[in-house]
Amino acid sequence: MDQVLINLLNGVSSGLLLFMLSAGLTLIFSMMGVLNFAHASFYMLGAYFAYTLSGLVGFWAALVAAPLLVGLAGAAFERSVLRRVHKFGHVAELLVTFGLSYVLLEIVQLVWGRTSVPFGPPPALAGTAFTLVSSSAEPMRVVLGVAPPEMCQRTAEAVVTCTRYPLNRVFLAGVALAMLLALWLMLTRTRIGLVIQAALTHPEMVEALGHNVPRVFMLVFGTGCAMAGLAGVVGGITFVTEPNMAHIGPIIFAVIVIGGMGSLPGAFLGSILVGLLQTLPLTVDKSLVHLAASLGMTVTPDSWAYPVAKITLAQAAPILPYLLLVLILILRPRGLLGTRES
């Protein structure tokens, strides 16, 4: 049970990291109609910027500075390149952002190398948030921090296991929730948020009122890239900082399609669902062969279905989000919380 709970928490934290990425991409798409294929590359760039800055000014300053630098890079790209190809339609926008993803990948490999860099959590986040103490004789207990050694000792009456949950994953979840709250407050409680929402539906009227709509678009694109950079900082210290971390891009697009294109609540729901689908099945080492056996049927190695039936749920975990994506496209093409039919 403790392993199931740990996987559940890991799924939620992974889902919140996906939300930090998908929220920026959803914001850009809902405002500008641009599917930014380089969004995951800005995520990678945030991790590497934070890695370099943390050695110069410390992690906490890098946590603020790295997303700002990524946001400025994104705004500069929108101002100098993306705005020039906007008049040529969506295909040109997709191609130029797709090309940017390769350019950023090569730049990162030239500057920092092709292997991972030692970017770990700072001492304040390197500890244990809590310990799950599971005993065969007592209910499961949660102990803040590291449990005392005597609580984890096996006795003659019970088998005791202690599972530690890292503090950096709790920090990741906290940053994601804080970003969600800040984004909601910005869009609903500030003047710039009202201008952004108005520019989404009535750009001509907003421009007639004296607002610079292209500048608003640049601000939105830069903000979305900064959100990806912030995700890169917390994701870099939680997982591995390497060029391959940009390969998270396909799962981000799966998230926003599952949740609904252009819907921030849908992006949140889709992120949590995908995060759970990727982690919860890891505890289930069962396959269709075991299911058939429980129903009184036998699937032998000579059966035509055996190569597929023998795949365990844990082995199939990486493709489950994409299977859900296919089902969503068939049954509800606009996504779970999407409002657009096309």
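This report walks through a predicted model of one protein chain, from its overall build to a few helix pairs and single residues.

## The chain as a whole

Let us start with the big picture. The protein chain contains 14 helices and three strands. Its C-alpha atoms fill a box of roughly 75 × 55 × 40 Å, taken along the principal axes. The chain has 342 residues, and 45% of them count as buried. Sequence distance is worth a look too: among contacts between residues at least 6 apart in sequence, 75% join residues at least 24 apart.

## How confident is the prediction?

Since this is a predicted model, a word on confidence is useful before going further. The mean pLDDT of the protein chain is 87, and 98% of its residues reach 70 or more. Which elements mark the two ends of the range? Helix H2, residues 39-57, has the highest mean pLDDT among the elements, at 95, while helix H6, residues 191-201, has the lowest, at 75.

## Helix H3 and its two partners

Now for some packing. Two packed helices can be described by the angle between their axes and the distance between those axes. Helix H3, which spans residues 59-85, packs against helix H8, residues 213-238, at an angle of about 140°, and their axes are 7 Å apart. This angle makes H3 oblique to H8, because an angle has to be over 145 degrees to count as roughly antiparallel. The crossing of H3 past H8 is right-handed. The residues in this contact comprise 18 nonpolar, four polar and four charged ones.

H3 also meets helix H4, residues 90-112. Here the axes come within 8 Å and cross at roughly 145°, and H3 again passes its partner in a right-handed crossing. If you would like to find this contact in the structure, look on the H3 side for Phe77, Val81, Leu82 and Val85, which meet Ala92, Glu93, Val96, Thr97 and Leu100 of H4. By class, the contact of H3 with H4 has seven nonpolar residues, one polar and one charged.

## Helices H9 and H10

Another pair to visit is helix H9, residues 249-259, with helix H10, residues 264-279; their axes come within 7 Å and cross at roughly 125°. H9 is therefore oblique to H10. The two helices cross in a right-handed way.

Which residues bring H9 and H10 together? From H9 there are Ile251, Val255, Ile258 and Gly259, and they meet Gly266, Ala267, Gly270, Ser271, Val274 and Gln278 in H10. This contact has five nonpolar and five polar residues, with no charged ones.

## A closer look at Ile258

Ile258 sits in helix H9. Is Ile258 buried or exposed? With a relative accessibility of 0%, Ile258 counts as buried, because the cut-off for buried is under 20%.

Leaving aside residues up to four places away in sequence, Ile258 touches Gly270, Val274, Pro321, Leu324, Leu325, Ile328, Gly335 and Leu336. Ile258 and Leu329 are 71 residues apart in sequence, yet their C-alpha atoms are 8.0 Å apart in space.

## Other residues to find

Gln109 belongs to helix H4. Gln109 is buried, with a relative accessible area of 16%. Apart from residues up to four places away in sequence, Gln109 touches Arg114 and Pro243.

Three further residues count as partly exposed, beginning with Thr52 in helix H2, whose relative accessible area is 34%. Thr52 and Leu230 are 178 residues apart in sequence and 14 Å apart in space, C-alpha to C-alpha. Val326 is in helix H14, residues 320-331, and is partly exposed at 44% relative accessibility. The C-alpha atoms of Val326 and Val257 are separated by 9.9 Å, although these positions lie 69 residues apart in the numbering of the chain. Finally, Arg332 lies in the segment after H14 and counts as partly exposed at 32% relative accessibility. Arg332 and Leu72 are 260 residues apart in sequence, and the distance between their C-alpha atoms is 37 Å.

Note on methods: Residues numbered from 1 in each chain as written. Predicted model: local features only at pLDDT ≥ 70, side-chain atom pairs only at ≥ 80, totals over all residues. Heavy atoms only, no water. pLDDT = per-residue confidence, 0-100. Helix = DSSP H or I, 4+ residues; strand = E, 2+ residues; numbered from the N terminus. Axes fitted to C-alpha atoms, helices over the stretch in contact; angles between N-to-C directions. Parallel < 35°, antiparallel > 145°, perpendicular 65-115°, else oblique. Left-handed = near helix turned anticlockwise from the far one by under 90°. Nonpolar A, V, L, I, M, F, W, Y, C, P; charged D, E, K, R; others polar. Buried < 20%, exposed > 50% of the residue type's maximum accessible area, 1.4 Å probe, protein only. Contact = heavy atoms within 4.5 Å.
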